[in-house]
Amino acid sequence: IRLTQDHKPNNTVEQTRIEAAGGRVVIIGGTPRVAQGKNEVKDSQILLAVPRSIGDIKFKQPNPIVSASPEVACYDLRPREDSYIVMGCDGIWDTMSDEDVVNIIHENHKNAVGIDNDPGVLNHPKFSAADAASALVKISFDRGSTDNISVVVVQLSWGLTSPNRQDTATKKESNINNA
């Protein structure tokens with residue numbers, strides 16, 4: 001289930017907000033970008049491919065053409081039905097559909113566990129959300145993504161306890177920090 005919508009400058013709501021603040025949306029090389037002012041785009045002009053950003057102060061003063069306000073939504077998770085949450089940057093979603101991501105995670109699970117269907121809803125000790133995230137990054141890169149390729153897969157455990165799983169997660173984190 002998709003929990004968010006993509007924030008692209010040419011989204012009707014975003015484009016209306018951008019234009020009301022004095023900016024505009026232009027298409028450069030097939031990519032919608034936010035431009036400052038109503039004048040023709042110059043080669044030296046800074047353009048953003050996102051309508052929301054934490055930084056980019058030049059797009060916030062004197063008018064906030066690019067917003068730092070997040071879109072927030074609340075959803076009720078379904079215990080033992082919802083298995084994981086995937087949070088990824090443009091580089092992932094520009095090269096994969098939601099269904100692609102789900103299929104890659106399930107394939108990663110199948111390869112780790114050795115079976116197609118796990119009654120633990122991806123909670124098998126051999127399944128690693130970090131490995132699933134790494135697979136998504138590699139596939140996105142292999143598909144030609146040239147944008148930020150960051151992704152986090154959060155595994156929902158639903159009360160299953162496994163000391164080995166915690167030890168493994170801690171060990172992986174310490175290995176990353178020592179790399």
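This report describes the fold of one protein chain and then looks at some of its residues in turn.

## Overall make-up

The model is predicted, not taken from an experiment. Its protein chain has 179 residues, of which 27% are buried. Five helices and four strands make up the secondary structure of the chain. From start to end of the sequence, these elements follow the order α-β-β-β-α-α-α-β-α.

The accessible surface of the protein chain is about 11,700 Å². Carbon and sulfur atoms contribute 53% of that surface. Among the contacts in the chain with a separation of 6 or more, 51% are between residues 24 or more positions apart.

## Helix α1 and its ends

Helix α1 covers residues 12–20. At its N-terminal end, Asn-11 acts as a cap: a side-chain oxygen of Asn-11 lies 2.9 Å from the backbone nitrogen of Val-13. Just after the helix comes Gly-22, which has a positive phi of about 100°.

## Glu-14

Glu-14 is part of helix α1. Is this residue buried or exposed? Glu-14 has a relative accessible area of 3%, and because the limit for a buried residue is under 20%, it counts as buried.

The side chain of Glu-14 takes part in two polar contacts described here. One is with the side chain of His-7, at 3.1 Å, and another is with the side chain of Arg-17, at 2.6 Å. Leaving out residues up to four places away in sequence, Glu-14 touches His-7, Lys-8, Pro-9, Pro-51 and Arg-52. Glu-14 can also be placed relative to Ser-67, which is 53 residues away along the chain: the C-alpha atoms of these two residues are 9.3 Å apart.

## The hairpin of β1 and β2

Strand β1 (residues 23–28) runs antiparallel to β2, and six bridges join them. Which residues face each other across this pair? Val-26 is opposite Arg-33 in β2, while Ile-27 has Pro-32 of β2 as its bridge partner.

Two residues lie between the strands of this hairpin. Gly-29 takes a positive phi near 60° in the hairpin.

## The loop between β2 and β3

Strand β2 covers residues 31–36 and β3 covers residues 84–88, with a loop between them that includes Pro-62. The peptide bond joining Gln-61 and Pro-62 is cis, with omega at about 0°.

Asp-56 is found in this loop as well. Its phi is positive, about 60°, although Asp-56 is not a glycine. Asp-56 has a relative accessibility of 34%, and so it counts as partly exposed.

## Thr-95 and Ser-140

Thr-95 sits in the loop that links α2 (90–93) to α3 (98–113). Ser-140, by comparison, belongs to helix α4 (residues 129–142). What joins the side chains of Thr-95 and Ser-140? They form a polar contact of 2.9 Å.

Both residues are buried, as their relative accessible areas show. Thr-95 has a relative accessibility of 19%, and since buried means under 20%, it falls in the buried class. The relative accessible area of Ser-140 is 0%, so Ser-140 is buried.

With residues up to four places away in sequence left out, Thr-95 touches Asp-100, Ser-140, Arg-143 and Ser-145. On the same basis of leaving aside neighbours within four places, Ser-140 is in contact with Gly-91, Ile-92, Thr-95, Met-96, Ser-145 and Ile-149. Ser-145 appears in the contacts of Thr-95 and in those of Ser-140.

## Aromatic rings

How many aromatic pairs does the structure hold? The count is zero. An aromatic ring does take part in another arrangement, which involves a charge. The charged end of Arg-2 sits over the ring of Trp-93, at 6.0 Å from the centre of that ring.

Key. Residues numbered from 1 in each chain as written. Predicted model: local features only at pLDDT ≥ 70, side-chain atom pairs only at ≥ 80, totals over all residues. Heavy atoms only, no water. Phe/Tyr/Trp six-rings, centres within 6.5 Å; stacked < 30°, edge-to-face > 60°. Lys NZ or Arg CZ within 6 Å of the ring centre and 35° of its normal. Buried < 20%, exposed > 50% of the residue type's maximum accessible area, 1.4 Å probe, protein only. Polar contact = N/O pair within 3.5 Å; in protein donor to acceptor, adjacent residues only side chain to side chain. Contact = heavy atoms within 4.5 Å. Pairing = 2+ DSSP bridges. Areas by Shrake-Rupley, 256 points an atom, 1.4 Å probe, with all protein chains shown as cover.
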